[in-house]
Amino acid sequence: MPRTLKRDMTTWVDLQLRPTLTNAQQTKSMIRKARELGYRVVGISLPLNPTPNTIQALRDLCCDASVDLVTRLDLAPSMPHELLLNLRRFRRKFEVISVMCCTKAVARQAAKDRRVDLLAFSMMNSRDRFFDRAEAELASKASTSLEVNLAPLLSLRGQSRIRILTQLRKEMVIAEGFGVKVALSSGATNLQSMRSPSDFVAIASLFDFPEESANQAFSEVPIEIVKQNREKLSKDYVAPGIRVVKGLQKRVADATPEKTLPAPEGSE
Amino acid sequence: MPRLKRRYLHLKVQSEEPVSRKEITDAIWGTISRLYGEYGASQVNLAIIEYDEHVRYAIVRCKHTALKMVKASTAMITEINGKPAEVQVVKVSGTLKALRRKAVT
């Protein structure tokens, strides 16, 4: 009986690429490499006030590489009120908002705020990671996900890598216990720290993150976040489950095509 | 005695400078022992089956239970003999014949 090769049907998402946006060549190479590695959706960290030209240039680059661009903002507030202020100003301008929690107070505020999509913690120092049981409980209630960048693990060595792996192992158990979703991303700042999804899934096994969960953390979890936020950012959105449909025919005629996530590879 | 199951991995080495067979072997062994220690490395049964310096493709063999260890270790390689490099797993197979067939397709 002839054996057929199983095709990869997963839509892989790298929710955080951090190219130097002023370096167009590097940005272009990183987006192309992401596509070659198998990613269909790529999140790129943008500055607080990106010009429309910057975003359009990125969209063009992504379009050329057949990759879907997710605009993302990384906030790193030092005080909780600074976080609230930034969320009020920028929530409706970006598809994904991640908060780098530098202090415990910021971490708690971010975890209970439904406008925050992703909680990020330092990958360089395990003492600066505040994802404990209390944080997980708040994040679980607000449906906020925990983001883990894997590229920094490549550059760490010795004791510091051991400490961070130990901490991540603890956090994965806590997240599972409280039903907090985990999103894995590369956080790559250059071409050398980019890896394929299967390589990152293998790296995630270093902190005992099960393969199936790691696959979801690179596909379904980020897709769900992006999908929800795109729906919320659409003009017709009112509240979860409620959309404006009055004057639909006129709007359909006027509207630019609505953005949808790419279908899984092999399904076309 | 139960049959020893093995896995064959097709690796792609990316580096701007030439990488010799010895260097790639040392890099993989070095990363495995750094990540899993000597005890862990002893359970991998790693062997470099072939390496093409020009095309920079390697085929390595390991015990099937240690596949995850080898994949994680190769993904963690950032330099080979001080030269920036990365190693990607292209294909994995249970037999050398199937791996070669997959590599061709």
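So, where is B:A66 found in chain B? B:A66 sits in the loop between β3 (57-63) and α2 (67-75) of chain B. Before I go on, a quick reminder that what you're looking at is a predicted model.

Okay, staying with that alanine. Is B:A66 buried or exposed? B:A66 counts as buried, because its relative accessibility is 1% and the cut-off for buried is under 20%. If you ignore the neighbours within four places in sequence, B:A66 is in contact with B:Q43 and B:V44. You can also use B:A66 to get a feel for the fold: B:R7 is 59 residues away from B:A66 in sequence, yet C-alpha to C-alpha the two are 8.7 Å apart in space.

Let's stay in chain B and look at the sheet. In what order do its five strands come? Going across, you read β2-β3-β1-β5-β4, the sheet is open, and the pairing is antiparallel. The edge strands are β2 (47-52) and β4 (79-80) of chain B, and each of those pairs on one side only.

Now walk through the pairings with me. Strand β1 (residues 6-15) of chain B has β3(B) as an antiparallel partner, over seven bridges. If you want a residue to click on there, B:L11 has B:A58 in β3(B) as its bridge partner. β1(B) also pairs with β5(B), again in the antiparallel sense, and that pairing has eight bridges. Within it, B:H10 has B:K91 in β5(B) as its bridge partner. Then we get to the edge: β4(B) is joined to strand β5 (residues 83-93) of chain B by two bridges, with the strands running antiparallel. There, B:I80 stands opposite B:K83 in β5(B).

Right, on to how the two chains meet. How many residues does each chain put into the contact? Chain B gives 17 residues and chain A gives 17 residues. Together the chains bury about 1,500 Å², and carbon and sulfur atoms hold 57% of that. On the chain B side, B:A75, B:M76 and B:E86 lose the most area to chain A, together 34% of what that side buries.

That brings us over to chain A. Here we have eleven helices and nine strands. Of the 268 residues in chain A, 49% are buried. For the contact-map people: among contacts in chain A with a separation of 6 or more, 75% are between residues 24 or more positions apart. The accessible surface of chain A comes to about 13,800 Å², with 53% of it belonging to carbon and sulfur atoms.

Let me pick out a strand pair. Strand β3 (residues 68-75) of chain A is mostly covered, with seven of its eight residues buried. Strand β2 (residues 39-46) of chain A is joined to β3(A) by six bridges, and these two run parallel. One spot to look at is A:V42, which stands opposite A:L69 in β3(A).

Next, a helix. Which residues of helix α5 (residues 133-141) of chain A are buried? Those are A:E135, A:A136 and A:A139. Looking down the axis of α5(A), the buried residues fall within an arc of 100 degrees, so they line one face of the helix. As a general reminder, an α-helix has 3.6 residues a turn, so residues three or four places apart point the same way. On the other side of α5(A), A:R133 and A:K141 are exposed. And what covers the buried residues? The cover on α5(A) includes α4 (104-112), β5 (118-120) and α7 (158-178) of chain A. After α5(A) comes A:S143, with a positive phi near 55 degrees.

Now a polar residue for you. A:N229 is in helix α10 (residues 220-233) of chain A, and A:N229 is buried at a relative accessible area of 4%. What does its side chain do in there? The side chain of A:N229 makes a polar contact with the side chain of A:D117, at 2.9 Å. Leaving out neighbours within four places in sequence, A:N229 is in contact with A:R91, A:E95, A:V96 and A:D117.

Last one: A:T11 lies in the segment before β1 (12-17) of chain A. A:T11 is buried too, with a relative accessible area of 7%. The C-alpha atoms of A:T11 and A:R114 are separated by 26 Å, and those residues are 103 apart along the chain.

That's my tour, thanks.

Note on methods. Residues are numbered from 1 along each chain as its sequence is written. Chains are lettered from A and ligands numbered from 1 in the order in which they are written. This is a predicted model: local features need pLDDT of at least 70, side-chain atom pairs count only at pLDDT 80 or more; totals for chains, interfaces and linings use all residues. Side-chain values use heavy atoms; hydrogens and water are left out. Buried means under 20% relative accessible area, exposed over 50%, partly exposed in between (1.4 Å probe, protein chains only). Helices (H or I, at least four residues) and strands (E, at least two) are DSSP runs, numbered from the N terminus. The arc is that of the directions from the helix axis to the C-beta atoms. Contact means heavy atoms within 4.5 Å. A polar contact is a pair of N or O atoms within 3.5 Å; within protein, one must be able to donate a hydrogen and the other to accept it, and residues adjacent in sequence count only if both atoms are side-chain atoms. Two strands pair if DSSP finds at least two bridges between them. Accessible areas come from the Shrake-Rupley method with a 1.4 Å probe; for residues, only the protein chains shown count as cover. Buried area is the accessible area (1.4 Å probe) that two parts lose on being put together, summed over both.
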